[in-house]
Amino acid sequence: MDFNGSSGGGSDHRQIEESKPLLGEMSATEGNKMGAAPCRRALLHCNGMRYKLLQEGDIQVCVIRHPRTFLSKILTSKFLRRWEPHHLTLADNSVASATPTGYMENSISYSAIEDVQLLSWENAPKYCLQLTIPGGTVLLQAANSYLRDQWFHSLQWKKKIYKYKKVLSNPGRWEVVLKEIRTLVDMALTSPLQDDSIHQAPLEIVSKLLSENNNLTTQDHESIIVAIAPLLENNHPPPDLCEFFCKHCRERPRSMVVIEVFTPVVQRILKHNMDFGKCPRLRLFTQEYILALNELNAGMEVVKKFIHSMHGPTGQCPHPRVLPNLVAVCLAAIYSCYEEFINSRDNSPSLKEIRNGCQQQCDRKPNLPLRLLHTSPDLVSQEATLTESRLKPVIVTSNEIHVEVERNNTANQKMTANVGNDSEPNLIDCLMVSPTCSTMSIELSTQADRILGCYVEILKMLSDYDDWRPALASLLQPIPFPKEALAHEKFTKELKYVIQRFAEDPRQEVHSCLLSVRAGKDGWFQLYSPGGVACDDDGELFASMVRVCNNVHILMGSCYKTKKFLLSLAENKLGPCMLLALRGNQTMVEILCLMLEYNIIDNNDTQLQIISTLESTDVGKRMYEQLCDRQRELKELQRKGGPTRLTLPSKSTDADLARLLSSGSFGNLENLSLAFTNVTSACAEHLIKLPSLKQLNLWSTQFGDAGLRLLSEHLTMLQVLNLCETPVTDAGLLALSSMKSLCSLNMNSTKLSADTYEDLKAKLPNLKEVDVRYTEAW
């Protein structure tokens, strides 16, 4: 059979693509007779099959040149045809072979391919494609019909995309360009190919077109956005397209395109895993979209409805990535409000230098921390006369803020005591180390102030959702804001609502995030405590962080009522605590009583001052009297003695143990067995009042990590502890490392890990008997 691309006849219905509209669909029925032997062209209708876009693959190749003589016609017949195996690559511009020899010595450009057609013979099981090129035909033979169709659709796609890149790279009339864009979008939506690049390639073409043509009218902008909207439903816009969308949001925030087209795009961005570090323009587009919503008549009400739509109507948001992505957008937007000011301080001291009060003269011009002032006419006059005298302050001016840098040798001398400390200073310490730094007054521009207000309000909205609050608290625990924001009174005052929501939440995973993320780093608890840079309420928020709710200590599980926490308060916040207690704050009164009860304060004068503070109010006087009664009872218990061994009956509860210990004298109790009872961690409150206890058996009880942590702080003389078949985990077992007197420890059938076991062995030198059977460490 002869394949002659030049053979004609009135019955030839072959459709050459060059004669069609640029991206017109191929005819549903096509037929062709080439040469003498009959052949049948496959029907090109959508049969529901889906294919992956081919980039490369193995296929048989045969090239037939147009016969010009009778001999050449015989040589090109199908019986004498020679096939070559090739590994073809479908590049962006051409079809090339991995072994450029024989038929495929030269690559075939897509521009040279006039038509791509499917071929099949009636009497031979061959699955071929025909590529019509000038001067001949290229036949590609696949192993089966599916591969043939996959090659066909992939070649068609590559060829059409190549043509669109050429056509849209030199646009003429924009109405024609818009029509071509719509056709391109339709082609991508109806293609049987399934691949990320099928929808992404048209977006990249349009993105490049827009980046190279900046003189479009607003109507052209909206028409293009509406045309590509169907592709954006399942695909992220490319970076240049994001830039175009951002520009539209800024210039026409009230356009209906923002609501109708951009809303599903932003929703998709927020609902999917998104690395804004690699895709910063997607984050910027989301940021500008939210600001555009804020520009509508309803303002923040529209933003609130959008946030609610992202959360969903139920109590649990079904999309776990929405909150982290929203927080990332908020943090970046808030940082941008102070970015110009931050960048204008290239010569300002680092955090470490502010803390230490020293700098290298050769590296930095200013010698001391910065003082931020309100804009005033005097600053302008000082700036004008800067060159006249070096004794005058140096003024750095930006459109948002005025920064005055003063040289203060006295402050340098006072702060040189810390020069030897090489550790990076705390953020809060840097703001509090100098009076000038703690009295910052920052004036933002109108635009920056609008952005700040919008995104702080969004953080407030996020904190109102119960299911989002734990994750939000965790994301904000390592304070993610620049020190300029923390020194800005308006920002910290607005953010106070979020911290208040954390403090009021009874869940430990929420309120524990108010503390620092690790030792040596301050957290929100320190920032909003009396004396902190953000405290503007005389400690009311600080008191609410440790407030007793329904007679249950909110921070019991994390820090409250533990010696470590009380020691921290005594060292850093004793003065503010006493002041609040003097004003009748019940939480602070209880804290002072706990300090006395646990002997946190060693100085007698300080103890007397605390007692005087407690006796100055009715609530303090009552709690101090209760403390004295407990102390007298304890001393009486120790004086009377009592039994040395005690075993509670099985099925006893925490209430039974409390009644028993309150009914008699147990100052000499050394051995207590609670095995097979129903006691829990709550009984630890009573166990720590047994000063002589040396052996404790908690076998098969519900005693957990919280109780174990409390025992480890108070029963330091305990020698034998049985935790067999209790629900304790590594979190509680690690606390046992402070009980240096332990010589026998049973952790059989607990959730002990091998690492924790090794750590306990290293920190408990007197430990001789250990049972770790049926644990990971066994």
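## A nonpolar surface patch

A patch, in the sense used here, is made of residues with over 30% relative accessible area and no salt bridge, and nonpolar side chains are joined into one when they lie within 5 Å. In this predicted model, Met49, Tyr146 and Leu147 form such a nonpolar patch on the surface, and together they have about 230 Å² of accessible area.

Tyr146, one of the three residues of the patch, is placed in helix H2, which covers residues 145-169. Its relative accessibility is 34%, so Tyr146 counts as partly exposed, and that value lies over the 30% that a patch residue needs.

## Overall make-up

The secondary structure of the protein comes to 32 helices and 19 strands. The protein has 778 residues, of which 49% are buried, and it exposes about 37,500 Å², with carbon and sulfur atoms supplying 50% of that area.

When contacts between residues at least 6 apart in sequence are considered, 67% of them join residues that are at least 24 apart. One pair that is distant along the chain can be taken from helix H10: Ala328 has its place in that helix, and its C-alpha atom is separated by 9.9 Å from that of Gly277, although the two residues are 51 residues apart along the chain. Ala328 has 29% relative accessibility and therefore counts as partly exposed.

## Salt bridges

The structure holds 21 salt bridges. In one of them, Lys490 pairs with Asp449, and the closest N and O atoms are 2.6 Å apart. Lys490 lies in helix H19 (residues 489-504) whereas Asp449 lies in helix H16 (residues 446-463), so this pair ties together parts that are 41 residues apart in sequence. Both partners are partly exposed, Lys490 at 35% relative accessibility and Asp449 with a relative accessible area of 26%.

Glu484 and Lys483 offer another case, their side chains meeting in a salt bridge at 3.8 Å from N to O. Here Glu484 counts as buried at 4% relative accessibility, and Lys483 counts as buried at 18%; the value for Lys483 falls under the 20% that marks a buried residue. A further salt bridge joins Asp505 to Arg507, with the closest N and O atoms 2.7 Å apart. Asp505 is buried, with a relative accessible area of 2%, while Arg507 is partly exposed, with 27%. These two residues also belong to a network of salt bridges that links Asp466, Arg469, Asp505 and Arg507.

## Helix H7 and its surroundings

Helix H7 has 16 residues, running from 256 to 271, and it reaches 23 Å from its first C-alpha to its last, which is close to the 22 Å expected at 1.5 Å a residue. The helix nevertheless bends by about 50° at Phe262, and a proline, Pro264, follows within four residues.

The buried residues of H7 are Val257, Val258, Val261, Phe262, Thr263, Val265, Val266, Arg268, Ile269 and Leu270, and Phe262, where the bend is placed, is thus listed among them. An α-helix has 3.6 residues a turn, so residues three or four places apart point the same way. What covers the buried residues of H7 includes helix H5 (218-232), helix H6 (239-251), helix H8 (280-294), helix H9 (300-311) and helix H10 (322-343); H10 is also the helix in which Ala328 is placed.

## Two loop residues with positive phi

Ser700 has a phi near 55°, a positive value in a residue other than glycine. Its place is in the loop between strand E16 (695-697) and helix H30 (705-714), and at 25% relative accessibility Ser700 counts as partly exposed.

Glu725 likewise has a positive phi, near 60°, and it too is a residue other than glycine. Glu725 is placed in the loop between strand E17 (720-722) and helix H31 (730-733), where its relative accessibility of 40% makes it partly exposed.

How values were computed:
Residues numbered from 1 in each chain as written. Predicted model: local features only at pLDDT ≥ 70, side-chain atom pairs only at ≥ 80, totals over all residues. Heavy atoms only, no water. Patch = residues over 30% accessible without salt bridge, like charges linked within 9 Å, V, L, I, M, F, W, Y side chains within 5 Å. Areas by Shrake-Rupley, 256 points an atom, 1.4 Å probe, with all protein chains shown as cover. Salt bridge = Lys/Arg side-chain N within 4 Å of Asp/Glu carboxyl O. Buried < 20%, exposed > 50% of the residue type's maximum accessible area, 1.4 Å probe, protein only. Contact = heavy atoms within 4.5 Å. Expected span 1.5 Å × (residues − 1). Bend = angle between axes of the 7 residues up to and from the residue.
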